[in-house]
Amino acid sequence: MSISRKTKTVKLLLNLFDQEKNAISVVDLVSFFSNDMNKSTVYRILNRLEESGVLHSFIDKDGLKRYARGDQRITASNNPSIHPHFLCEECGISTCLPLKISTPSIPNYIINSSEQLYLGQCKDCQPLR
């Protein structure tokens, strides 16, 4: 399913992702847009944007889904844009890492998705040395 029309609510979500370079949790998105749309609308739009490849998501260490710009869907030719994510355990910022990961082909298995999450401290939270 693709985004066939950009409604006001779709534009609001896309504008936020244009401004924010870090991944955003679904809880933060629902809270941020609580005056503009209900929770169901936020979830429905996020699903459509992810299915169309505009956004991708990953699960953080607490099981919370986070969204970021970009297509990370696996295709028959192994999508070259699949990348790991980083979550700062101090400030909670999560980002896409500029590393390419190839999804292996495993006999007798079909891989529909793959995630890799690194945990640690971002440059702003590291102690001074």
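User: Let's start with the loop between β5 and β6: which residue there has a positive phi although it is not a glycine?

Analyst: A general idea helps here: most residues other than glycine have a negative phi. In this predicted model, the residue to look at is N108, which sits in the loop between β5 and β6. N108 has a positive phi of about 70° although it is not a glycine.

User: Is N108 buried or exposed?

Analyst: N108 is exposed, with a relative accessible area of 81%. For that reading, exposed means over 50% and buried means under 20%.

User: Where else does a positive phi turn up, and in which residue?

Analyst: Look at the hairpin of β2 and β3, where five residues lie between the strands. There G63 takes a positive phi near 80°.

User: Could we step back? How many helices and strands does the protein have, and how do they follow one another?

Analyst: Happily! The protein has three helices and six strands. Read from the N terminus, the elements run α-β-α-α-β-β-β-β-β.

User: Now the sheets, please. How should I read the one with β5 and β6?

Analyst: In general, strands of a sheet pair through backbone hydrogen bonds, either parallel or antiparallel. Here, an open sheet of three strands has the order β5-β4-β6, and its pairing is mixed. β5 (94-96) and β6 (117-120) are at the edges with a single partner strand each, so one side of each has no neighbour in the sheet. From one strand to the next, the twist averages 20°.

User: How many bridges join β4 to β5?

Analyst: Three bridges join β4 (residues 85-88) to β5, and the two strands run antiparallel. To find one on the structure, start from F86: its bridge partner in β5 is T95.

User: What is the strand order in the sheet that contains β1?

Analyst: That open sheet has three strands in the order β1-β3-β2, with antiparallel pairing. Its edge strands are β1 and β2, each pairing on one side only. Helix α1 packs on the sheet and touches β1, β2 and β3, its direction making about 75° with that of β3.

User: Which residues can I use to trace the pairing of β1 with β3?

Analyst: Try I24, whose bridge partner in β3 is Y67, and then S25, whose partner in β3 is R66. Strand β1 (residues 24-25) pairs with β3 over two bridges in the antiparallel sense. Between β2 and β3 there are five bridges, also antiparallel. On that side, S57 stands opposite Y67 in β3. A useful picture to keep in mind is that in a regular strand the side chains alternate between the two faces of the sheet.

User: Why is β2 described as largely enclosed?

Analyst: Four of the five residues of β2 are buried, so the rest of the structure largely encloses this strand.

User: How does α3 lie relative to β2 and β3?

Analyst: Helix α3 lies across both strands, running at about 110° to β2. You can check the span of the helix too: at 1.5 Å a residue, the 13 residues of α3 (residues 39-51) should span 18 Å, and the end C-alpha atoms are 18 Å apart, which agrees.

User: Which residues of α3 are buried, and what covers them?

Analyst: The buried residues of α3 are T41, V42, I45, L46, R48, L49 and E50. Their cover includes α1 (8-19), α2 (26-32), β2 (55-59) and β3 (65-69).

User: How do I read an aromatic pair, and how many are there?

Analyst: A pair of aromatic rings is described by the distance of the centres and the angle of the planes. For pairing, the centres must lie within 6.5 Å, and by this rule the count comes to one aromatic pair. The rings of F32 and F33 have centres 5.0 Å apart and planes at 85°, so the pair is edge-to-face. F32 is exposed, with a relative accessible area of 54%, whereas F33 is buried at 2%.

User: And for the whole protein, how much is buried and how much area is exposed?

Analyst: Buried residues make up 34% of the 129 residues. The protein exposes about 8500 Å², with carbon and sulfur atoms supplying 50% of it. As for contacts with a separation of 6 or more, residues 24 or more positions apart account for 52% of them.

Methods
Residues numbered from 1 in each chain as written. Heavy atoms only, no water. Pairing = 2+ DSSP bridges. Axes fitted to C-alpha atoms, helices over the stretch in contact; angles between N-to-C directions. Phe/Tyr/Trp six-rings, centres within 6.5 Å; stacked < 30°, edge-to-face > 60°. Buried < 20%, exposed > 50% of the residue type's maximum accessible area, 1.4 Å probe, protein only. Contact = heavy atoms within 4.5 Å. Areas by Shrake-Rupley, 256 points an atom, 1.4 Å probe, with all protein chains shown as cover. Expected span 1.5 Å × (residues − 1).
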